[in-house]
Amino acid sequence: MNPALPAKPDTFDAYAAQYEQALSRGLSVSGESAEYFAQGRIAWTAKLASRLLEDAEAVLDFGCGVGIAAPLLSGAFRPRSLWGFDPSMQAIARANRDHSDPTNTFISDPAELPAEAFDLAYCNGVFHHIPPERRAESLSILHAALRPGGLFAFWENNPWNPGTRYVMSRIPFDRDAETLSPPHARRILREAGFEVLRTDAWFLFPAALAALRPLEKLVHRLPLGAQYLVLARKPAEL
């Protein structure tokens, strides 16, 4: 087991070759693809980051899996370097195969992450796989990897949304996950030394109710959507 991100890497090794299919089966009830949600998350992250960062020259995808987000992160931020970390060696092997690029680095050993090197860390749906007693350890690794003033986009599945719970029950590697509520996420981020800047929740309406999606702009600061973002920052050095 990887000593830093103890998210049962053997489980994800088993799904590395068919991760997208397993995820799509669960998400099919929403009427949308995994790409729809990934594009929405990263577009919103980029919009907020543009107000707070001059540049995101180095980006870290923490818990990157098979690297699905890599092209979207590269397109949104145009970083000089994009790193992906995941404890599943099978997933990292796929990421290196499918997203080979001179700017990309995918690793399964957190000891290889450079200290204070990243302007932005992005993390989606990872911490509900990490046992609660070891989440602080993973946040410590993230904190150390970010430069002072760097942003952490912490995306998680919202347990207060009934649709989220149903979708997770349909995904084999999500069924036994221990979800985090938005207040709990904010608390552990503060305890890890991050400054919490804001919380947003998106993906309230499935495809069948897409006509109502403009309303999300009015209520996204409420914890209603299927996923939420806690945007945090590593305090700048005085």
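Accessible areas here come from the Shrake-Rupley method with a 1.4 Å probe.

**View 1. The whole chain, a predicted model.** By that method, the chain exposes about 11,000 Å², and carbon and sulfur atoms supply 54% of that surface. Of the 238 residues, 51% are buried. Secondary structure comes to nine helices and seven strands. As for who touches whom, take the contacts with a separation of 6 or more: 74% of them link residues 24 or more positions apart.

**View 2. The open sheet, with its seven strands.** Read across, the order goes β3-β2-β1-β4-β5-β7-β6, and the pairing is mixed. Now look at the two ends: β3 (104-107) and β6 (195-202) are the edge strands. Each has a single partner strand, so one side of each is left without a neighbour in the sheet. Going from one strand to the next, the twist averages 15°.

**View 3. Where β5 meets β7.** Zooming in on this pair, we get residues 146-157 for β5 and residues 227-233 for β7. The two strands run antiparallel and are joined over seven bridges. To find your bearings, start at Trp155: its bridge partner in β7 is Leu229.

**View 4. Helix α5 lying across β2 and β3.** The helix covers residues 89-98, and β2 covers 81-85. Relative to β3, helix α5 runs at about 165°. That strand is one we've met already, as an edge of the sheet with a single partner strand.

How values were computed: Residues numbered from 1 in each chain as written. Predicted model: local features only at pLDDT ≥ 70, side-chain atom pairs only at ≥ 80, totals over all residues. Heavy atoms only, no water. Helix = DSSP H or I, 4+ residues; strand = E, 2+ residues; numbered from the N terminus. Buried < 20%, exposed > 50% of the residue type's maximum accessible area, 1.4 Å probe, protein only. Contact = heavy atoms within 4.5 Å. Pairing = 2+ DSSP bridges. Axes fitted to C-alpha atoms, helices over the stretch in contact; angles between N-to-C directions.
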